[in-house]
Amino acid sequence: MRILPHDQTVLDAIAGREAEIVDRAIGWCAINSGSRNLDGLSHQHDVLQGVLAALPGEVESLPLEPSERVTDAGDIRQDEFGAALRVTVRPDAPVQVVLTGHYDTVYPATSPFTTVTPREDGALNGPGIADMKGGISVMLAALEAFEAHPDRDRVGYRLLLSPDEEIGSLGSAPLLAELGRIGHVGLTFEPAMADGALASSRKGSGNFHILVKGQAAHAGRDFASGRNAVAGAAQIAAALHALNGERDSVTVNVAQISGGSPLNVVPDTAVVRFNVRVPDQASAEWVRNEIERIVIAEPLTGQHGLKVSLHGGFTRPAKPLDASQQALLEAVRAAGALLGQEIAWKPSGGVCEGNNLHAAGLPNVDTLGVRGGDIHSENEYAWPQSFVERAQLSAMLLMKLASGEIDAPGLKRLRTGA
Ligand SMILES: [Zn+2]
C-alpha cells in the first residue's frame, strides 16, 4: 500500500480542519449526556443530528425499547433510553463499512465535571473528551474528508450513534446486531490507549440482579413466621463469590446487596447485584448454569419459603482475537505505517459495542478514537494532536477499503466462514 495523490488530498483536508475537529468535541462535552439524563441526551442528539446532515445519506432518529430494571425496593421498572442516530450512505456499494460510537457518558446530570480544561502539559481534561465525544468528531472528520475522494462510490456505510453504551447497550443491541450482520468491516471510536495502542481481545460481560423475596414479621413477637430475605441474599452472595477461581478467566464481582428493614422487623426484600466477565462463549454458558443453580437452590437460611428470581444477563459477548480480527488489526497497522504511526494492540479488560458487532459476525477495530486515558473519572483526558492523527488513520482505512488493498469481503469471510 502507498499514499496516492488523491489520498494525500484527503489527509491534508483533515489536517486543515484541526481546530474545528477539536473545538466541536469540546463544545459537545459541555452538554451533559449521562446515560440516564434524558434531557441532556436529547440536546446532544439534536446537535449531532445537525452535524450528520453534512454527510450524503439519510439521517434517522431511532427510539429504543425500554429495558427492565429491578429497583432496590424489589419492584420491576422500565428504564427509558435516549434515541439512537443512524446514517445510511450508499447501501448498495460493494464494500459496506459499519461505524459506531456512543454519545452518552458516565457522568450524571448532577456531576460537577462539566467542561473541558487544558492541562499544563497540553492534554484536554473534560467529561467525554476521550470517551467518546472526541471519537465521534474523529469519525465524522474521516467520513467528511473521504466524501471528497474519487473512490468513495466503492464504499457504503452505516453509522450508528447510540445513547446507552455506558449502561450496557441494552436498547441499542438489536440495531448493533443488525449492522453486524450487514457490514463487512466495523470501525468503532472508543478511545485508544494513551500510546495509541488498540484493544485486541475483549472479555464478555453480564450484569445480573437477584431479587430475594421473604416474609416480614415482628422480630420479637413473631420471629418464626418471618422469612429473612437479607440472610438469604447474603448466602447467595457468598455462593456467587465462591465461583471465582473455579474456571479460568471467569470472574464474578458481587457489587451490591440492598434491602433491609428496622432492627425489630424480619426483612422481606433484598437484591444482590453482580457483574460477570468471561473469556468465551463456553465460559458464559458455564457461569450462567452455575448462577441458575444458586438461584434454584434453597438458600440455607434455616427458613424455607424465600422466593428468588434472576434478572439481567449477558450484555456483551466475548470478543476473541480470531483470524478475522488478527487480519484486520494487521491492516490497521499497515495503514498506520503509511502515516508514520506505529500501531500496536493488547487485550482489554473493558467491553464495548465492538463485542456486540463481532458476535453478530462483523470483524471490527473498536479503539479508533482519540488517544487519552483516565476515562470514567474526573481526570479523563485526551491529547489534542491525536484528533487529526486518528481521523487520518480512519480516512486511510476507508481509502484502502475502497481501493481493495484492504479486502473487506475477505475479512468478513474470515469471520463468518461463509
Ligand atoms: Zn466509550
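Let's start at helix α11, residues 408-416, where Ala 408, Gly 410, Leu 411 and Lys 412 are buried. Keep in mind that this is a predicted model. From the helix, the briefing moves to the zinc site, the aromatic rings and some backbone features.

**Helix α11 and its surroundings**

- The buried residues of α11 pack against two strands, β5 (95-102) and β9 (185-188), and against the helices α5 (173-182), α8 (323-338) and α10 (385-403).
- At the N-terminal end of α11, Asp 407 acts as the cap, with a side-chain oxygen 3.0 Å from the backbone nitrogen of Gly 410.
- After the helix comes Gly 417, which has a positive phi, near 75°.

**The zinc site**

- Which residues hold the zinc ion? The ion is coordinated by His 102 through NE2, by Asp 131 through OD, and by Glu 190 through OE, which is listed twice, at 1.8 to 2.7 Å.
- The angles among the four donor atoms run from 53 to 143°, and the site is irregular. A tetrahedral label would need all angles to lie between 85 and 135 degrees, so this range rules it out.
- For comparison, the ideal angle for four tetrahedral donors is 109.5 degrees.
- Along the sequence, the donor residues follow the spacing H-x28-D-x58-E.
- His 102 belongs to strand β5, while Asp 131 sits in the loop between β7 (124-125) and α4 (133-146); the two are 29 residues apart and link distant parts of the chain.
- Both His 102 and Asp 131 are buried.

**Around Asp 131**

- Asp 131 is joined to Met 132 by a cis peptide bond, with omega about -10°. Met 132 lies in the loop between β7 and α4.
- Asp 131 is also one of the residues touched by Thr 105; the others, beyond four places in sequence, are Ser 33, Gly 34, Ser 35, Gly 128, Lys 133 and Glu 166.
- Thr 105 itself is found in the loop between β5 and β6 (117-118). Its relative accessible area is 3%, so Thr 105 counts as buried.
- The side chain of Thr 105 also reaches the backbone nitrogen of Tyr 107, at 3.3 Å.

**Aromatic rings**

- How many aromatic pairs does a search of the whole structure find? There are four.
- One of them is the stacked pair of Phe 208 and Phe 274, at 5.4 Å centre to centre and with 15° between the planes.
- This pair connects distant parts of the chain: Phe 208 is in strand β11 (residues 204-213) and Phe 274 is in strand β15 (residues 269-278), 66 residues apart.
- Phe 208 and Phe 274 are both buried.
- Why is the pair of Tyr 381 and Trp 383 edge-to-face? The ring centres are 6.0 Å apart and the planes stand at 80°, so the pair falls in that class.
- Tyr 381 is buried at 11% relative accessible area, and Trp 383 also counts as buried, at 18%.
- Ring pairs also bring Phe 208, Phe 274 and Phe 314 together in a cluster.
- Arg 119 places its charged end over the ring of Tyr 381, 4.4 Å from the centre. The charged end of Arg 119 also sits over the ring of Trp 383, 5.7 Å from the centre.

**Positive phi outside glycine**

- Most residues other than glycine have a negative phi. Two serines have positive values: phi is near 60° at Ser 169 and near 65° at Ser 249.
- Ser 169 lies in the loop between β8 (155-162) and α5, and is buried at 1% relative accessible area.
- Ser 249 lies in the loop between α6 (229-241) and β13 (251-259). With a relative accessible area of 34%, Ser 249 is partly exposed.

**Val 370**

- Is Val 370 buried or exposed? With a relative accessible area of 0%, Val 370 is buried.
- Val 370 is located in the loop between β18 (364-365) and β19 (372-373).
- Beyond four places in sequence, its contacts include Ile 129, Ala 130, Gly 134, Gly 135 and Val 138. Pro 191, Ala 192, Ala 382, Ser 386, Phe 387 and Arg 390 are also among them.
- Val 370 and Ala 238 are separated by 132 residues in sequence and by 41 Å in space, C-alpha to C-alpha.

Definitions and conventions. Residues numbered from 1 in each chain as written. Predicted model: local features only at pLDDT ≥ 70, side-chain atom pairs only at ≥ 80, totals over all residues. Heavy atoms only, no water. Buried < 20%, exposed > 50% of the residue type's maximum accessible area, 1.4 Å probe, protein only. Helix = DSSP H or I, 4+ residues; strand = E, 2+ residues; numbered from the N terminus. Contact = heavy atoms within 4.5 Å. Polar contact = N/O pair within 3.5 Å; in protein donor to acceptor, adjacent residues only side chain to side chain. Phe/Tyr/Trp six-rings, centres within 6.5 Å; stacked < 30°, edge-to-face > 60°. Lys NZ or Arg CZ within 6 Å of the ring centre and 35° of its normal. Donors = N, O, S within 2.8 Å, 3.2 Å for Na, K, Ca; no water. Tetrahedral: all angles 85-135°; square planar, octahedral: opposite > 155°, others 65-115°.
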